[in-house]
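Please walk through this structure with attention to how its side chains meet one another and how far each is covered. The paragraphs below take surface, charged and aromatic contacts in turn.

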Amino acid sequence: MSEKPWSGAFTQPTDEFVEAFTASIDFDRRLARQDIAGSKAHARMLGRQGILSEADVEAILKGLEDVRGEIEAGQFPYSVSLEDIHMNIEARLTERIGDAGKRLHTGRSRNDQVATDFRLYVRDEIDAILAELARFRAALADTAEREADTVMPGFTHLQAAQPVTLGHHLLAYFEMAHRDAGRFHDARKRVNRLPLGSGALAGTTFPIDREWVAGELGFDGVTENSLDSVSDRDFAVEAASACSLVMAHLSRLAEELVMWASPQFGFATLPQSFCTGSSIMPQKINPDVPELVRGKTGRVNGDLMSLLTLIKGQPLAYNKDMQEDKEPLFDALDTVRGSLKVMADMVPGIEFHREALRKAASAGFATATDLADYLVRKGLPFREAHEVVGKAVRHCIDNGLELPDMDLATLQGFSHVIGADVYEVLTLEGSVSARDHVGGTAPAQVRAAVQRARQRMAEEGT
């Protein structure tokens, strides 16, 4: 019984299976670095406040460094009976330095200790994800600039709609990723508040200095309500939500790359270092990386739902349910980091087949809308222009033509306002260049948009 830090009131040992069932050391050991950092700051604060002696603080700080060294060297003796990383570290510290180690927990509870460590960890992971998002956005911007002149079909309903440039298309994903970065920056603000000092739920009677600890650990400030501080996992849900949106956006791009790399589209070839083959079909070069990114999106969505379900029915303050907060978020954060890394590494190596893209843009009457706009500028009401072009398209379908294939006399048979200048809007270049609205598709506009994208990233600090 003496091995348990809470066993004083107990007369029976913990059931062996219950001990394993309730332990979290198998997954929360990844919080070791944050736990040691938090404990160091807490010990120094206790010394500054005269709650611990200088000798005890020095022993604790040195002992924690020694424990950190053991963990990093893979020599730390983890114990399931000690339940979690927090008690494992404290027990090992006490083994090394004696009673001073037992004094470290003065003025705190595992509840506010865990909440602090978890916030520190999530903050570190957000920073790492932001770095990967920056790499991914840079890869998109660079590739968009490279493909600023590449004409391709724009789609709605996966049907050819209007011609665009590949650079413009890729910058759409830049915008998604840029919003993702904004969400993580915003979530980080709410993560970065110190709950330590809240005790189990009602604070502590010791004269601690929470603001000093917050400064030492890089927090922007302290939490306000002790009950909320130890039971709040909104920050975990918010981080998981941001992860889900990242994966949704990556999955959309992944889906397009899978299609584009197929012979049926023939728009792109993925670098072979990001593909695998078949055990039976020698010709296969499978787009496994985007397929896996697409597949992993579901598990991150599941992680979010786990966390939302976890918090929805718990009374204040802390409950053991909270132990289930870490594995879903760990999984979501790990999956997003890995998915961003592999996509950021892969995108620059994609070979886009410009002629195939241009040929696809030439089919499907992609300049029909431009013809309708042309008629409107010639004085026809838009609904009438729409009907005229629809009849012209029907004629093309019946005769196996595209709009630019019709001679001027045939075109004028649909409307007398059509002149020889109509062919300027029926060409792909004319169509692409004519649209100079927000995020215009012309090559010069794409290059300007790339520069603005890079400037926005620079202003963000990435």
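Leu227 counts as partly exposed, because its relative accessibility is 31%, in a model that is predicted. Leu227 has its place in helix H10, which covers residues 226–231, and together with Leu201 and Leu316 it makes a nonpolar surface patch of about 270 Å². The value for Leu227 can be read against the cut-off for patch members, which must have over 30% relative accessible area and no salt bridge.

As for the wider frame, UniProt, in an unreviewed entry, places the feature "domain: Fumarate lyase N-terminal" at residues 8–302. In the model, the span of residues 8–302 is 62% helix and 6% strand, and its end C-alpha atoms lie 40 Å apart.

Charged contacts come next, and a search of the whole structure finds 39 salt bridges. In one of them, the side chains of Asp127 and Arg188 meet at 2.7 Å, N to O. This pair links distant parts of the chain, since Asp127 belongs to helix H7 (residues 110–146) and Arg188 to helix H8 (residues 166–191), 61 residues apart. Both partners have some access to the surface: Asp127 counts as partly exposed at 32% relative accessibility, and Arg188 counts as partly exposed at 23%.

A salt bridge within a single helix is formed by Lys391 and Glu387, both of which lie in helix H16 (residues 382–399), four residues apart, about one turn of the helix. Their side chains meet at 3.6 Å, N to O. Lys391 is partly exposed, with a relative accessible area of 49%, and Glu387 is likewise partly exposed, with a relative accessible area of 47%.

Are the partners in the salt bridge of Lys326 with Asp325 buried or exposed? The closest N and O atoms of Lys326 and Asp325 are 2.9 Å apart. Lys326 counts as buried because its relative accessibility is 4%, under the cut-off of 20%, and Asp325 is buried as well, with a relative accessible area of 0%. Elsewhere, Lys62, Asp66, Glu70, Arg92, Glu95 and Arg96 are linked in a network of salt bridges.

Arginine side chains also meet aromatic rings. Arg29 lies over the face of Tyr78, at 3.9 Å from the ring centre, while Arg30 lies over the face of Phe330, at 4.5 Å from the ring centre. Phe330 in turn belongs to a cluster, in which ring pairs link it with Phe118, Tyr121 and Phe235.

For the aromatic contacts as a whole, a search of the structure finds eight aromatic pairs. Among them, Trp260 and Phe267 form a tilted pair, with 6.1 Å centre to centre and 55° between the planes. Trp260 is buried, with a relative accessible area of 2%, and Phe267 counts as buried at 4% relative accessibility. Trp260 also forms an aromatic pair with Phe352, and this one is edge-to-face, at 6.3 Å centre to centre and 75° between the planes. Because Trp260 lies in helix H11 (residues 234–260) and Phe352 in strand S6 (residues 351–352), the pair ties together parts that are 92 residues apart in sequence. Phe352 is buried, as is Trp260.

Conventions: Residues are numbered from 1 along each chain as its sequence is written. This is a predicted model: local features need pLDDT of at least 70, side-chain atom pairs count only at pLDDT 80 or more; totals for chains, interfaces and linings use all residues. Side-chain values use heavy atoms; hydrogens and water are left out. Rings of Phe, Tyr and Trp (its six-membered ring) pair if their centres lie within 6.5 Å; planes under 30 degrees apart count as stacked, over 60 as edge-to-face and the rest as tilted. Buried means under 20% relative accessible area, exposed over 50%, partly exposed in between (1.4 Å probe, protein chains only). Helices (H or I, at least four residues) and strands (E, at least two) are DSSP runs, numbered from the N terminus. A charge sits over a ring if NZ of Lys or CZ of Arg is within 6 Å of the ring centre and within 35 degrees of the ring normal. UniProt positions are given in the numbering used here, feature names are shortened, and annotations may be inferred rather than shown by experiment. Patches are made of residues with over 30% relative accessible area and no salt bridge: like charges are joined within 9 Å, nonpolar side chains (Val, Leu, Ile, Met, Phe, Trp, Tyr) within 5 Å. Accessible areas come from the Shrake-Rupley method with a 1.4 Å probe; for residues, only the protein chains shown count as cover. A salt bridge is a side-chain nitrogen of Lys or Arg within 4 Å of a carboxyl oxygen of Asp or Glu.
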